[in-house]
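Here is a walk through a two-chain model, from the contact surface to a few salt bridges and some single residues. Have the structure open beside you as you read.

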Amino acid sequence: MAALTIATGTGNWFSALALGVTLLKCLLIPTYHSTDFEVHRNWLAITHSLPISQWYYEATSEWTLDYPPFFAWFEYILSHVAKYFDQEMLNVHNLNYSSSRTLLFQRFSVIFMDVLFVYAVRECCKCIDGKKVGKELTEKPKFILSVLLLWNFGLLIVDHIHFQYNGFLFGLMLLSIARLFQKRHMEGAFLFAVLLHFKHIYLYVAPAYGVYLLRSYCFTANKPDGSIRWKSFSFVRVISLGLVVFLVSALSLGPFLALNQLPQVFSRLFPFKRGLCHAYWAPNFWALYNALDKVLSVIGLKLKFLDPNNIPKASMTSGLVQQFQHTVLPSVTPLATLICTLIAILPSIFCLWFKPQGPRGFLRCLTLCALSSFMFGWHVHEKAILLAILPMSLLSVGKAGDASIFLILTTTGHYSLFPLLFTAPELPIKILLMLLFTIYSISSLKTLFR
Amino acid sequence: MEKWYLMTVVVLIGLTVRWTVSLNSYSGAGKPPMFGDYEAQRHWQEITFNLPVKQWYFNSSDNNLQYWGLDYPPLTAYHSLLCAYVAKFINPDWIALHTSRGYESQAHKLFMRTTVLIADLLIYIPAVVLYCCCLKEISTKKKIANALCILLYPGLILIDYGHFHLGFALWGVLGISCDCDLLGSLAFCLAINYKQMELYHALPFFCFLLGKCFKKGLKGKGFVLLVKLACIVVASFVLCWLPFFTEREQTLQVLRRLFPVDRGLFEDKVANIWCSFNVFLKIKDILPRHIQLIMSFCSTFLSLLPACIKLILQPSSKGFKFTLVSCALSFFLFSFQVHEKSILLVSLPVCLVLSEIPFMSTWFLLVSTFSMLPLLLKDELLMPSVVTTMAFFIACVTSFSIFEKTSEEELQLKSFSISVRKYLPCFTFLSRIIQYLFLISVITMVLLTLMTVTLDPPQKLPDLFSVLVCFVSCLNFLFFLVYFNIIIMWDSKSGRNQKKIS
């Protein structure tokens with residue numbers, strides 16, 4: 001019988017948590033899925049049926065390929081498994097094709113790729129060394145962190161209902177963070193470089209990586225008071241880091257450089273024509289800015305300060321993805337958003353450079369970079385809040401102060417994801433799962449830090 | 001209680017799993033002309049709302065009893081009426097007389113699922129939570145784990161209508177275990193008036209309460225208790241059946257609908273003795289109706305008599321729960337017109353003893369889910385059933401470390417094996433045998449499931465796989481019947497004292 005337990009491997013609490021959430025994900029297979037489902041089916045079709053030179057030019061469907069090349073290669077590999085499920089989904093002209101086998105395949109591919117996320121969570125649990133509390137399993141920081149990450153509400157509904165592949169991408173990010181904690185900087189840098197070429201949204205947190213690696217890895221020692229010791233600069237390390245990043249980028253963009261398609265790739269990756277805000281406004285600063293602009297324009301019209309003929313007909317609230325002009329306040333350009341973001345991340349970058357506090361300081365800076373980019377970025381999706389929530393979970397089991405900030409961030413962040421699921425059958429699911437996560441996170445962190 | 005938040009999380013998990021499973025297809029979806037049990041529930045709302053009470057159980061031009069006629073006691077009818085009022089408020093087309101037959105829409109499915117979820121939330125889940133909290137001699141963590149396992153039991157999640165009767169029965173057990181005999185009996189009477197199959201549990205309730213009255217002394221407090229209980233039972237029955245007591249014909253017709261003795265020994269494929277016997281010897285066709293009735297009656301009562309007599313003579317809470325199991329199992333195996341879903345009436349008491357014999361209970365609950373495989377496949381619930389079974393199994397293994405609890409002591413077979421060893425000194429390998437049986441059973445179940453799903457049955461034997469499933473489950477159930485009876489008969493006060501001393 002003992003052999004059976006070992007064989008099933010389910011005596012271990014971590015495996016039980018991971019298996020449990022995987023089974024829940026299997027139950028979510030028949031739920032509503034958004035247009036992102038069709039997006040990924042289209043990319044499977046593009047990468048399977050067309051040569052590389054066509055990947056970033058193909059425009060039969062409106063959902064063109066707008067992720068970096070590694071993700072395209074990932075879809076290519078997936079498509080070779082997909083052909084055993086349903087050959088028809090790989091036809092570029094089969095728009096909105098969603099047979100039951102297609103659904104099954106796509107959902108299972110997300111669930112399967114989450115294996116990387118589970119591995120990354122396991123590595124992160126090894127890195128944190130929270131308070132030494134009692135022997136009770138459910139009060140150990142490792143247990144709480146595992147639940148907060150594996151059963152994260154935002155990740156569950158975005159990946160397994162709305163449909164995206166964030167699981168393994170966050171797995172890569174958490175793994176690179178874990179490697180930096182474990183002082184395996186080269187691996188961390190490599191993993192992050194790979195991640196960037198899977199989904200370029202992680203550029204939001206690239207400054208944190210850059211500054212941390214430069215300051216704490218390239219300068220091998222500090223002065224006794226913690227400030228920088230210029231003489232300890234290691235050229236070897238800088239060169240090796242540069243080499244890693246260069247090689248990864250070469251692997252990713254090399255083929256397209258050879259085909260002279262780089263401008264096209266970049267225009268697909270950074271579609272600035274899409275407008276300041278997404279169709280569903282992300283709850284960031286520009287949403288408030290737009291709202292203020294709208295209010296002022298209404299007041300202006302009422303008080304006859306504005307001429308009705310000068311006001312543009314289309315508005316930001318029409319739910320379309322386009323560029324708009326503001327009516328009262330000055331219009332916002334991509335450059336302006338970049339400057340705002342840089343100003344916002346400057347304090348944390350300064351701290352990371354002048355007063356490095358090791359990996360924890362890096363993690364804080366990373367979270368702040370993610371949050372600042374979310375607040376001030378151009379065309380931010382609501383789902384980007386997960387970029388701030390997941391790293392913050394690692395901090396939350398360390399200090400009580402971090403825990404309370406984490407609770408506010410995660411509860412409001414998850415609540416802001418509600419509009420993603422607007423169908424009636426999914427309403428109980430999102431309420432129940434939200435309650436589950438919120439109640440658990442508040443109570444467990446409170447118990448941990450009582 | 002401390003760790004209330006973990007219990008809340010467990011309840012939320014239970015609710016989430018129930019709702020996500022209910023997003024799948026329902027029984028009889030898109031299958032005219034008869035559809036399935038879902039349509040039956042909708043039809044009862046239609047009947048009870050549009051027709052006067054006197055016509056509910058009678059065949060008429062408005063109420064065709066062949067098309068899902070009401071065949072449950074009045075409380076089900078009242079519940080359907082309540083749901084019908086809500087349905088009328090949202091969309092009257094759902095319950096319009098005649099025209100709403102076979103009505104299927106996304107909104108209606110949502111409505112039906114929501115009524116089921118609310119029913120579970122109000123009656124069944126609080127009973128489970130309270131029951132687990134009232135368990136004695138186990139830690140808070142184990143109580144919460146126990147609640148999780150009970151709420152994750154696949155059978156009750158996959159069978160898609162509200163389990164009011166099981167909820168009420170659970171309140172009944174809870175009341176009686178906590179010495180609130182009157183409330184417990186009231187709850188159980190309501191359960192019987194909701195679904196007549198609860199009569200499977202009636203004997204243990206009766207014997208236990210009778211035993212309690214005897215213990216208190218029939219000349220004093222015991223007699224008072226007996227009278228009070230009798231009054232409660234009679235009062236609750238009268239209250240529920242009031243509209244039907246006005247005429248003798250009404251009452252008789254309702255009874256005829258509830259107990260259709262004309263239907264035969266069994267219908268379809270069910271994992272009980274008669275169906276399995278039928279494979280070898282077609283008793284359904286050979287023997288005349290009344291002989292079949294007598295045969296099933298006698299065998300049922302013979303198999304449950306020992307346990308019930310013991311319960312009257314030595315009433316104990318533990319004996320009560322185990323007798324519930326063995327009694328319901330006897331009825332399931334030997335009774336008349338048993339439906340596959342009736343295994344749930346056995347599963348509920350087994351869930352109650354999960355904390356005492358985790359290994360055997362988990363095994364039983366897995367077999368009970370497996371025995372419903374043909375039904376689940378018909379309703380296209382393969383994925384949810386596999387997923388929930390695995391989730392339940394993992395929950396039980398992690399919470400109770402069941403594979404480490406297979407010694408004789410843990411299986412409550414110590415006194416039995418001591419008695420046997422008086423005659424057969426070499427009888428020391430009981431737990432080893434049971435472990436091997438478990439392995440064989442699980443492997444058989446997995447293999448049969450795979451075969452049923454992937455292969456097509458041969459032309460000459462189209463029902464081969466369903467019959468095999470029923471046969472294997474029946475063998476397992478017979479083993480469990482013997483096991484539970486052994487526990488009951490060999491459970492003695494001295495055994496419990498020994499445990500306290502050591």
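Buried area is the accessible area, taken with a 1.4 Å probe, that two parts lose on being put together, summed over both. The size of an interface is often given this way. By that yardstick, chain B and chain A bury about 3,000 Å² between them, and 83% of it is on carbon and sulfur atoms.

Before going on, some ground rules. This is a predicted model, in which local features need pLDDT of at least 70 and side-chain atom pairs count only at pLDDT 80 or more, while totals for chains, interfaces and linings use all residues. Residues are numbered from 1 along each chain as its sequence is written, chains are lettered from A and ligands numbered from 1 in the order in which they are written, and side-chain values use heavy atoms, with hydrogens and water left out.

**Where the chains meet**

Counting contact as heavy atoms within 4.5 Å, 32 residues of chain B are in contact with 36 residues of chain A. The rule finds 0 salt bridges across this interface, where a salt bridge is a side-chain nitrogen of Lys or Arg within 4 Å of a carboxyl oxygen of Asp or Glu. On the side of chain B that touches chain A, the elements giving two or more residues are α1 (4-22), α4 (106-133), α19 (382-400) and α21 (430-454) of chain B; helices here are DSSP runs (H or I, at least four residues), numbered from the N terminus. The largest share, 13 residues, comes from α1(B). That side of chain B divides into 22 nonpolar, 8 polar and 2 charged residues. Nonpolar here covers Ala, Val, Leu, Ile, Met, Phe, Trp, Tyr, Cys and Pro; charged covers Asp, Glu, Lys and Arg; the others, Gly among them, are polar.

**Salt bridges**

Over all chains, the count comes to 19 salt bridges. Three of them are set out here.

| Pair | N to O distance | Residues apart in sequence |
|---|---|---|
| A:Lys383 and A:Asp36 | 3.7 Å | 347 residues |
| A:Asp402 and A:Arg364 | 2.8 Å | 38 residues |
| B:Lys318 and B:Asp491 | 3.7 Å | 173 residues |

Both A:Lys383 and A:Asp36 are buried, which is to say under 20% relative accessible area (exposed is over 50%, partly exposed in between; 1.4 Å probe, protein chains only). A:Asp402 is buried too, at 6% relative accessibility, whereas A:Arg364 is partly exposed at 28%. B:Asp491 counts as buried at 16%. Elsewhere, salt bridges that share partners join A:Glu123, A:Lys126, A:Arg179, A:Arg184 and A:Glu187 into one network.

**A helix and two serines in chain B**

In α20 (residues 414-423) of chain B, the buried residues are B:Phe416, B:Ser417, B:Ser419 and B:Val420. Down the helix axis they fall within an arc of 155° (judged by the directions from the axis to the C-beta atoms), so they line one face of the helix. Their cover includes α21 and α22 (464-490) of chain B.

What does B:Ser441 touch, leaving aside its neighbours within four places in sequence? This residue of α21(B) is in contact with B:Trp363, B:Val367 and B:Asn476, and is buried at 6%. B:Ser330, in α15 (residues 317-334) of chain B, is buried at 0%. Not counting residues up to four places away, B:Ser330 touches B:Thr300, B:Ser303, B:Leu304, B:Ser335 and B:Leu481.
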